[in-house]
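This report describes selected local features of one protein model. It begins with a single aromatic residue and then turns to its surroundings, a helix contact and two loops.

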Amino acid sequence: MTLRDFVSDIGTEADRLTRITEHLLALTRLDSLPAAETFPVDVSAVTRRALSMLAPVADAAGVALGSNLKDKCVVQGTEDDLYQICFNLLENGIKYNRPGGRVMADVYRDGDQVLLEVSDTGVGIPEEDMPKVFNRFYRVDKARSRAAGGTGLGLSIVKHGAAFHGADLSLESQPDRGTTIRLTFPGQNVK
């Protein structure tokens, strides 16, 4: 092993530990701190921001990003937590996809509810793993998750953030066909 390889390995490990620390801090905040003050938040705007931040990651992975973000999709919540939910869902869709794959984000209203739906054409989740993917540190494919930089905390943060915002969370997935995760939030009346 050369010095350059050694330094590269240290940098990669430092990045992984930083991601774990950030995810643990997010979970700790959701678990133990007093509930943050909430405000009307436009889920489409938050999703648009997460898509913009992840566009270079998707480009590097050869994964196309798409969206259908409707107006007046406002929920009572915290912008930071909603951003973290969107970011984690989109990032997972990119990480566990394949070159030439696609990740689609949809935000729309259905009556009084606001739905956030992230679908991908990735590797999918086996049926026996679906009940466990929202558990802390659970990774379906440990080798692939580590290679992709996964900590096993992203979907746990999504689950806790959904609960904080009073959202229902659902998961549909088929191995080698992709995954769809849908959050259904109580909406705010917007004129």
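Y83 is buried, its relative accessible area being 14% (buried means under 20% relative accessible area, exposed over 50%, and partly exposed in between, with a 1.4 Å probe and protein chains only). The model is predicted: local features need pLDDT of at least 70, side-chain atom pairs count only at pLDDT 80 or more, and totals for chains, interfaces and linings use all residues. Residues are numbered from 1 along each chain as its sequence is written, and side-chain values use heavy atoms, with hydrogens and water left out.

**Surroundings of Y83**

R49 lies over the face of Y83, at 4.0 Å from the ring centre; such a placement requires NZ of Lys or CZ of Arg within 6 Å of the ring centre and within 35 degrees of the ring normal. In the whole structure, the search finds one aromatic pair. The pair is tilted because the rings of Y83 and F87 have planes at 40°, with centres 5.8 Å apart. Rings of Phe, Tyr and Trp (its six-membered ring) pair if their centres lie within 6.5 Å, and planes under 30 degrees apart count as stacked, over 60 as edge-to-face and the rest as tilted. Both Y83 and F87 belong to helix 3, four residues apart, or about one turn of the helix. Helices (H or I, at least four residues) and strands (E, at least two) are DSSP runs, numbered from the N terminus.

**Helix 3 and helix 5**

The axes of helix 3 (residues 79-95) and helix 5 (residues 154-164) come within 9 Å and cross at roughly 145°. Axes are lines fitted to C-alpha atoms, for helices over the stretch in contact, and angles run from 0 to 180 degrees between N-to-C directions. Contact (heavy atoms within 4.5 Å) is made by D81, Q84, I85, N88, L89 and N92 of helix 3 and by residues of helix 5, among them L155, V158 and G161.

G161, found in helix 5, counts as buried at 2% relative accessibility. The C-alpha atoms of G161 and L82 are separated by 7.2 Å, although the two residues are 79 apart along the chain.

**Positive phi in two loops**

K72 has a positive phi in a residue other than glycine, and the same description applies to D176.

| Residue | Phi | Loop | Relative accessibility |
|---|---|---|---|
| K72 | near 60° | between strand 2 (64-69) and strand 3 (74-77) | 43%, partly exposed |
| D176 | near 65° | between strand 6 (168-174) and strand 7 (178-186) | 60%, exposed |
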